[in-house]
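Reader: I'm in my first year and I'd love to look closely at just one part of this protein, with its neighbours for context. Could you pick a good spot and walk me through it?

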Amino acid sequence: MTRPCIATGELATCRDARRAHTPLAMLPRELLAEASTPAGEPITLAREGVSLVVRVRNEVLMSSRVHGSEEAMAEVGCAGLRERRGVRVLIGGLGLGYTVRAALDALGPDAEVVVRELIPALVEWNRGTLGELAGRPLDDPRVRVEIGDVGDALEPSRFDAILLDVDNGPEALTVPSNARLYGARGLERLRTSLRPGGALVVWSAFESPRFARALRAAGLNGEVVRVRARGKVARGSRHLLYVGRAARLRSVS
């Protein structure tokens, strides 16, 4: 049985663990840190076998063994932006830092990456124990981390790309307040927050034809990109990236 994440979009599954010959529950576990979420729920960071794993309510939230689709999200959303000046990217959900690292690698030296994360402990751990996983992306001067809801960072024509990894997907919500991002009004705010030609990428563990239609209805020219959860590893589960692009300005002849 697949065990979904709690809030950020990672999907460290029991199925993937079985394919690695060792169930997650049987791996040797060393507790490294613990804290509480803004909702008061326990969140822990532990070393489980060779992986670093974050759990909420003892359910896997994210694991360093499963991050290929998070990197792919940044690669898709930031494609073509490296040579552009003054690029600004919004990332909703810090995770283990892999999306931030992939975005930085795809962008030029004067870009700005704004990261919105609801859980302060995740930011603290990414600056400490978790930092080495993705090459300490938060130390990059192009990155600005903000604690809070990603929806509060939206402003008209502000971003060249918006990357959302804040739940299991646009329908499989574990944080009910995230629903406001994916309805008609939320998609309108996301669309108007993009600069012309900008990309919105939404991570999902599940198919959502209704969301694909909603993207198109919002004028975001939606498409679905299927990627492997573990990147170049040719096995394990697949995740989906729902991609919507804002219209480009028409040239005046």
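Author: Sure! Before we start, one bit of vocabulary: two strands pair if DSSP finds at least two bridges between them. Keep in mind, too, that this is a predicted model.

Let's take strand E9 as our spot. E9 covers residues 194-204, and it is mostly covered up, with 9 of its 11 residues buried. Who are its partners? Strand E8, which spans residues 159-164, pairs with E9 in the parallel sense, over 5 bridges. E9 also pairs with E11, this time in the antiparallel sense and over 6 bridges. If you want one residue to click on, try Val 202. In E9, Val 202 has Leu 164 standing opposite, and Val 202 also stands opposite Tyr 242 of E11.

Now bring in helix H7, which runs over residues 209-217 and has Phe 211, Ala 212 and Leu 215 as its buried residues. Look down the axis of H7 and you'll see those buried residues fall within an arc of 105°, so they line one face of the helix. Here is a handy rule for reading pictures like that: an α-helix has 3.6 residues a turn, so residues three or four places apart point the same way. Turn to the other side of H7 and you meet the exposed residues Pro 209, Arg 210 and Ala 217.

What does the buried part of H7 pack against? Its buried residues pack against strands E9 and E11, and also against helix H5 (179-182) and helix H6 (184-193). That ties our two players together: H7 sits against E9 through its buried residues, while E9 and E11 are themselves antiparallel partners. Just past the end of H7, have a look at Gly 219, which takes a positive phi of about 80°.

For contrast, scroll back to another sheet. There, 4 strands make an open sheet, ordered E1-E2-E3-E4, with antiparallel pairing. Strand E1 (29-36) and strand E4 (59-63) are at the edges with a single partner strand each, so one side of each has no neighbour in the sheet. From one strand to the next, the twist averages 25°. Zoom in on E3 and E4, which pair in the antiparallel sense over 4 bridges; there, Val 53 has Ser 63 of E4 as its bridge partner.

Ser 51 is worth a click as well, since it belongs to E3, residues 51-56. Is Ser 51 buried or exposed? Ser 51 is buried, because its relative accessible area is 5% and the cut-off for buried is under 20%. Leaving aside residues up to four places away in sequence, Ser 51 touches Ala 46, Ser 63, Ser 64 and Arg 65.

Gly 80 gives you the opposite case, sitting in the loop between helix H2 (68-77) and strand E5 (88-92). With a relative accessible area of 65%, Gly 80 is exposed. Its C-alpha atom is 8.3 Å from that of Ala 106, a residue 26 places away along the chain.

One last stop: empty space. Searching the whole structure turns up 1 cavity of 30 Å³ or more. The largest cavity holds about 50 Å³ of space. Its lining has 10 residues, and those nearest its centre are Glu 70, Leu 94, Gly 95, Leu 96 and Thr 99.

Notes. Residues are numbered from 1 along each chain as its sequence is written. This is a predicted model: local features need pLDDT of at least 70, side-chain atom pairs count only at pLDDT 80 or more; totals for chains, interfaces and linings use all residues. Side-chain values use heavy atoms; hydrogens and water are left out. Buried means under 20% relative accessible area, exposed over 50%, partly exposed in between (1.4 Å probe, protein chains only). Contact means heavy atoms within 4.5 Å. The arc is that of the directions from the helix axis to the C-beta atoms. Axes are lines fitted to C-alpha atoms, for helices over the stretch in contact, and angles run from 0 to 180 degrees between N-to-C directions. On a 1 Å grid over the protein atoms alone, a cavity is a set of points where a 1.4 Å probe fits but cannot get out, and a pocket is an open set with protein on both sides within 12 Å along at least five of seven lines; lining residues have an atom within 4 Å of a point. Grid points are joined across faces, edges and corners, and a volume is the space filled by probe spheres set on the points.
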